[in-house]
Amino acid sequence: MKIAWYLPTLPSVKWQIAKQLGVDYAVAALPPERYYMKPWDFKAMLYAKQSLADAGLKLEVIEPAPPHYHIKLGLPGRDQEIEIFKNVLRNMAALDIPVLCYNFMPQSGWYRTSFSKKGRGGALVTCFDNSLVEKAPLLTEAGCLDDEQIWDNYKYFMDRVLPVAEECKVKLALHPDDPPIPSLQGIARIFRSAENMDRAMQLFPSDYNGITLCQGTFAAMGENIPQVIEYFGSRGKIFFVHFRDIRGTASCFEETFHDEGMTDMKACIEAYRKVGFDGIVRTDHAPIMAGEGGDNPAYEMLGHIFATGYLKGLLEERDRHRNNYNK
């Protein structure tokens with residue numbers, strides 16, 4: 001497994017911290033719009049990749065995907081978004097960036113009801129409580145959309161985008177819905193279970209259609225994470241890993257430090273070894289720790305420094321046992 005950090009594409013102290021931790025790989029969003037360049041322009045993406053490369057960091061995953069608000073809701077304008085999506089894939093191929101992490105969460109993306117719940121030692125964690133949003137008003141011009149309507153929008157998207165991904169040899173890594181609840185403010189969230197994620201893989205069988213195995217989201221589904229890893233990993237469908245954990249259920253949970261959640265993280269690492277996963281894993285959502293400003297919930301630095309050390313320790317323990325077994 002190759003450890004990466006989620007990094008900005010403009011120079012940042014995070015670049016230095018990542019390298020000091022022994023991290024050689026980067027996951028990054030499309031670059032910010034600057035001067036006359038759109039984030040998805042080849043030149044902007046080239047500058048982003050080379051800036052990271054100059055700092056000793058290899059850009060392996062683009063996350064999140066380009067704008068696809070209209071695609072998910074099936075609104076006018078989705079065809080224009082699909083063309084941008086295709087161009088991003090072509091640019092990634094030209095720049096040798098192998099994985100695009102995208103989601104199909106309409107309207108909201110990942111959703112929390114608080115970013116300041118106190119966790120261990122007073123660290124601030126994100127949490128979600130569905131009882132606080134069940135009566136929220138509808139927010140989109142699309143109105144209410146049920147499961148089949150969102151599935152139809154997903155099929156429309158994949159019919160047009162997957163052939164380009166296959167042509168470009170860029171892997172599409174679908175992230176599950178976070179939180180994995182049936183609907184949010186009148187809009188269905190179809191990727192709320194391992195079963196539905198598998199349905200997407202079977203609807204579009206391809207070496208370039210796979211998943212982002214976000215451990216925290218699958219944990220909120222109530223899934224056994226090592227078993228999920230073995231199921232999708234044995235089929236070659238894990239393209240990218242988010243290493244994080246939670247405590248609770250899909251309807252009410254809080255995120256945790258990586259060593260204190262409800263998932264057996266050691267068993268997860270062993271499961272990745274068993275299926276031969278050798279791709280990118282990044283530490284995901286970490287608590288805000290003492291002394292941090294908290295302007296970037298889940299993505300301040302200290303919690304990720306801790307998580308990286310914890311992950312490296314688990315990987316070294318796995319390798320030690322494997323080496324002893326092979327003697």
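In this predicted model, the largest pocket is lined by 24 residues. Those nearest its centre are Pro-64, Asn-103, Met-105, Gly-109 and Trp-110, and they make a handy starting point for finding the pocket in the structure above. Two elements, α3 and β4 (99-103), each give two or more residues to this lining. The largest share, three residues, comes from β4. By residue type, the lining of the largest pocket divides into 10 nonpolar, eight polar and six charged residues. The volume of the largest pocket is about 410 Å³.

The second largest pocket has a volume of about 320 Å³. Its lining is made up of 18 residues, and Lys-171, Ile-238, Phe-239, Asp-278 and Gly-279 are the closest to its centre. Here the elements that supply two or more residues are β3 and β11. The lining of the second largest pocket includes eight nonpolar, four polar and six charged residues.

Attention can now turn to charged side chains that pair up. The model contains 20 salt bridges. One of them joins Glu-60 and Lys-2, whose closest N and O atoms are 3.3 Å apart. Glu-60 belongs to strand β3 (residues 58-62) and Lys-2 to strand β1 (residues 2-6), so this pair ties together parts that lie 58 residues apart in sequence. The two partners can also be described by their accessibility: Glu-60 is buried because its relative accessibility, 7%, falls under the 20% limit, whereas Lys-2 is partly exposed at 26%.

A second salt bridge links Arg-282 with Glu-63, with 3.1 Å between the closest N and O atoms. Arg-282 sits in strand β14 (residues 280-283), while Glu-63 is found in the loop between β3 and α3 (69-73), so parts 219 residues apart in sequence are tied together. Both Arg-282 and Glu-63 are buried.

A third example is the salt bridge between the side chains of Arg-244 and Asp-284, at 3.1 Å from N to O. Both residues are in loops: Arg-244 in the one between β11 (238-243) and β12 (246-249), and Asp-284 in the one between β14 and α10 (302-326). The pair therefore ties together parts that are 40 residues apart in sequence. Arg-244 is buried, with a relative accessible area of 1%, and Asp-284 also counts as buried, at 1% relative accessibility.

How do these pairs fit into a wider picture? Arg-282, Glu-63, Arg-244 and Asp-284 are among the members of a network of salt bridges, which also includes Arg-112, Asp-178 and Glu-255.

Terms used: Residues are numbered from 1 along each chain as its sequence is written. This is a predicted model: local features need pLDDT of at least 70, side-chain atom pairs count only at pLDDT 80 or more; totals for chains, interfaces and linings use all residues. Side-chain values use heavy atoms; hydrogens and water are left out. A salt bridge is a side-chain nitrogen of Lys or Arg within 4 Å of a carboxyl oxygen of Asp or Glu. Helices (H or I, at least four residues) and strands (E, at least two) are DSSP runs, numbered from the N terminus. Buried means under 20% relative accessible area, exposed over 50%, partly exposed in between (1.4 Å probe, protein chains only). On a 1 Å grid over the protein atoms alone, a cavity is a set of points where a 1.4 Å probe fits but cannot get out, and a pocket is an open set with protein on both sides within 12 Å along at least five of seven lines; lining residues have an atom within 4 Å of a point. Grid points are joined across faces, edges and corners, and a volume is the space filled by probe spheres set on the points. Ala, Val, Leu, Ile, Met, Phe, Trp, Tyr, Cys and Pro count as nonpolar, Asp, Glu, Lys and Arg as charged, and the others, Gly among them, as polar.
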